[in-house]
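Trainee: I would like a close look at one part of this model. Please take me through it step by step.

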Amino acid sequence: MYFERRDFILLAGSVLFVIGLMPFMPPAYAIAIGGGLFIGIKSFVVHRKKTIQKETGDGICMECGEKTVGKKCPNCD
């Protein structure tokens with residue numbers, strides 16, 4: 001997992017969530033929940049991105065929307 005630009009928004013949201021939890025529970029628990037939230041969302045996004053990339057393969061046909069194989073569409077060519 002590597003950091004992208006939008007991950008800073010997720011990090012800022014997690015920090016603000018931790019700050020919001022601190023009045024209601026000890027800081028160590030709030031930090032653990034915020035860290036778990038960040039790691040959970042980040043791993044979900046990485047897994048989803050890999051799944052989408054695997055499904056598209058070489059690309060998608062502009063005519064019918066099927067997955068292209070060897071830079072050719074099995075339906076259109």
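Trainee: Are Lys42 and Asp7 buried or exposed? Please start there and work outward along helix H2 (27-56).

Mentor: A caution before the details: this is a predicted model. Now to your pair. Both Lys42 and Asp7 are buried. Their side chains meet in a salt bridge, with N to O at 2.6 Å. Lys42 belongs to helix H2 and Asp7 to helix H1, so this pair ties together parts 35 residues apart in sequence.

Next, the helix that carries Lys42. H2 has 30 residues. From its first C-alpha to its last it reaches 44 Å, close to the 44 Å expected at 1.5 Å a residue. Buried residues in H2 are Ala30, Gly34, Phe38 and Lys42. Look at the numbering and recall the helical repeat. An α-helix has 3.6 residues a turn, so residues three or four places apart point the same way. What lies over the buried residues of H2? The cover includes helix H1 (7-21). Asp7, the salt-bridge partner of Lys42, lies in that helix, H1.

Follow H2 further along, to Lys49. Glu4 forms a salt bridge with Lys49, and the closest N and O atoms are 2.7 Å apart. This pair also links distant parts of the chain: Glu4 sits in the segment before H1, Lys49 in helix H2, 45 residues apart. How exposed is Lys49? Its relative accessibility is 40%, so Lys49 counts as partly exposed.

Glu4 has another partner. The side chains of Glu4 and Arg6 meet in a salt bridge at 3.4 Å, N to O. Arg6 is partly exposed as well, at a relative accessible area of 44%. In general, side chains of opposite charge can pair when their charged atoms come close. The count for the model is three salt bridges. Of the residues involved, Glu4, Arg6 and Lys49 are joined into one network by salt bridges that share partners.

Now leave the helix at its far end. Gly57 follows H2, and its phi is positive, near 60°. Past that point, in the segment after H2, you find Thr68. Why is Thr68 called buried? Its relative accessible area is 12%, and buried means under 20%, so Thr68 qualifies. Leaving aside residues up to four places away in sequence, Thr68 touches Asp58, Gly59, Ile60, Cys61 and Cys73.

Note on methods:
Residues are numbered from 1 along each chain as its sequence is written. This is a predicted model: local features need pLDDT of at least 70, side-chain atom pairs count only at pLDDT 80 or more; totals for chains, interfaces and linings use all residues. Side-chain values use heavy atoms; hydrogens and water are left out. Helices (H or I, at least four residues) and strands (E, at least two) are DSSP runs, numbered from the N terminus. Buried means under 20% relative accessible area, exposed over 50%, partly exposed in between (1.4 Å probe, protein chains only). Contact means heavy atoms within 4.5 Å. The expected span of a helix is 1.5 Å times one less than its number of residues. A salt bridge is a side-chain nitrogen of Lys or Arg within 4 Å of a carboxyl oxygen of Asp or Glu.
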